[in-house]
Amino acid sequence: MNLEELFSQYKEDSIAGRYLTLDHIQPILDRLNTNNQVQIIGKSVLGEPIYSYEIGTGKTRIYLWSQMHGNESTTTKALFDFINVLNGKSEIAEKMLSTFTFLCIPILNPDGARLYTRENANKVDLNRDSQNLTQPESNVLRNVFEKLKPDYCFNLHDQRTIFGAGDTGKPATLSFLAPSYNEEREINENRLKAINLIAGINDELQKHIPGQIGRFDDSFNINCIGDTFQFLGVPTILFEAGHYAGDYEREITRKFLFFSLFTSFELLSANDLVDNRIQDYLNISQNKVVFYDFMYKNVKINYDGIEIITNFVAQYKEELIENKIHFNAYIVEVGELENYFGHFEYDAKEAEYSDDYGNLPKVNQKADFYLNKNVKFVNGLIKS
């Protein structure tokens, strides 16, 4: 199966970029709702509908949800790309539809999606509310879980650009986790199913983005939804869409997430999973905070009349302005910064720093500055 061709054929071109709300997906849901497959399963804090989409008649029940965190939209895009495959009337689609019943929640947190925030409208992180169930969105997710009684859960998220695949200097473009079900982080039959599936996904992804796959820390937190569902006996897989070089809109990452989803169900439908791949799973590089968006090396600064050669880094803040996400770069740290990397790196070769306020890069200041007063940087990048 040529995954590149499959993605090109079925990509949902009506949605793109980072800002994705119900307004953007409503036309897609209307198009898909040919026989009441789309249902309103609840309301958000602010009264926005929470939709589900169900397709397939197979006995293996798959539960997928995205945008539990409102500003994590990459997996929503890839989910619709995959849904298009299921509606494509191909041989592989027919096989999957007869093998699985898919129930998808494209945007669990529509208020957070509209505000472009991680939390819901009550400023609660839904992924820490799986036990107390204080929020309407948390209750929707749990109620569907109890009604569906899924055989697998797919917990779809985005992760920040700070994560690398171990210390390799490569970004963690996609990361995965088979969550723990107890404090001891033991591996039972259900967790092993998630582990084996991740190992199979990793085999495919290494062909496309070698060395850019991460594995999340598996410390147990029963308040997290993945840990809760694993504790309740359902194999659960955390998907985290991360950074690919230059892809701040996450359109390339979207493609690899689509590859991951398709590969998951191809493996499950073919029953093509090895019995025990714990070691292969553990060999996936641990997710590690090692990246900044910008790193400037060997910069000369004048500190109280003393010249110092140092490094500094900047990070994008994603700011919603007039319904558009703006990536604004701010200085976040100055120092040696050993063992860290930048997605954009610049060796100043001892050129002197200056900006409109002085001769020192200051934390929380916009990354607009000069080197040797003749190389101008605006919003972190060299202005040509």
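## A walk through the model

Let's start in the middle of a sheet: strand β3 (residues 60-65) and strand β4 (residues 100-105) run parallel and are joined by 6 bridges. This is a predicted model, so keep that in mind as you look around. To find a spot where β3 meets β4, look for Trp 65, which stands opposite Ile 105 in β4. Strand β3 also has a link to strand β5 (residues 152-158), again running parallel, this time through 4 bridges. Here a handy landmark is Ile 62, which stands opposite Tyr 152 in β5. If you're wondering what holds such neighbours together, strands of a sheet pair through backbone hydrogen bonds, and they can do that either parallel or antiparallel.

For the antiparallel kind, jump further along the chain. There, 4 strands make an open sheet with antiparallel pairing, in the order β15-β16-β17-β18. Which strands stand at the edges? They are β15 (353-354) and β18 (381-382), and each has a single partner strand, so one side of each has no neighbour in the sheet. Zoom in on β15 and you'll see it pair with strand β16 (residues 369-371) in the antiparallel sense, over 2 bridges. In that pairing, Tyr 353 has Leu 371 of β16 as its bridge partner.

Now for some helices. Take helix α3 (residues 74-86) and helix α4 (residues 91-99): their axes come within 8 Å and cross at roughly 100 degrees. An angle from 65 to 115 degrees counts as roughly perpendicular, and α3 and α4 are therefore roughly perpendicular to each other. On the α3 side, the contact is made by Phe 82, Val 85 and Leu 86, while α4 brings Ala 93, Met 96 and Leu 97. How do these residues divide by class? The contact of α3 with α4 has 6 nonpolar residues, no polar ones and no charged ones.

Helix α3 has another partner to show you. It packs with α1 at an angle of about 90 degrees, and the two axes are 9 Å apart. That makes this pair roughly perpendicular too, α1 to α3. Leu 6, Phe 7 and Tyr 10 of α1 make the contact with Asp 81, Asn 84 and Val 85 of α3. The mix of residues between α1 and α3 is 4 nonpolar, 1 polar and 1 charged. Notice that Val 85 turns up in the contact with α4 and again in the contact with α1.

Phe 7 leads on to the aromatic rings. The whole structure holds 35 aromatic pairs. One of them is Phe 7 with Phe 258: the ring centres are 5.5 Å apart and the planes sit at 55 degrees, so the pair is tilted. Where do the two rings come from? Phe 7 lies in helix α1 (residues 3-10) and Phe 258 in helix α9 (residues 251-269), so the pair ties together parts that are 251 residues apart in sequence.

Just past α9, find Asn 276, in the loop between α9 and α10 (278-282). Its C-alpha atom is 8.4 Å from that of Ile 195, although the two are 81 residues apart along the chain. Leaving out residues up to four places away in sequence, Asn 276 touches Leu 192 and Asn 196.

Finally, step back to the annotation. An unreviewed UniProt entry gives "domain: Peptidase M14" for residues 18-256. In the model, residues 18-256 are 34% helix and 20% strand, and the end C-alpha atoms of the span lie 16 Å apart.

Terms used
Residues are numbered from 1 along each chain as its sequence is written. This is a predicted model: local features need pLDDT of at least 70, side-chain atom pairs count only at pLDDT 80 or more; totals for chains, interfaces and linings use all residues. Side-chain values use heavy atoms; hydrogens and water are left out. Axes are lines fitted to C-alpha atoms, for helices over the stretch in contact, and angles run from 0 to 180 degrees between N-to-C directions. Angles under 35 degrees count as roughly parallel, over 145 as roughly antiparallel, 65 to 115 as roughly perpendicular and the rest as oblique. Contact means heavy atoms within 4.5 Å. Ala, Val, Leu, Ile, Met, Phe, Trp, Tyr, Cys and Pro count as nonpolar, Asp, Glu, Lys and Arg as charged, and the others, Gly among them, as polar. Two strands pair if DSSP finds at least two bridges between them. UniProt positions are given in the numbering used here, feature names are shortened, and annotations may be inferred rather than shown by experiment. Rings of Phe, Tyr and Trp (its six-membered ring) pair if their centres lie within 6.5 Å; planes under 30 degrees apart count as stacked, over 60 as edge-to-face and the rest as tilted.
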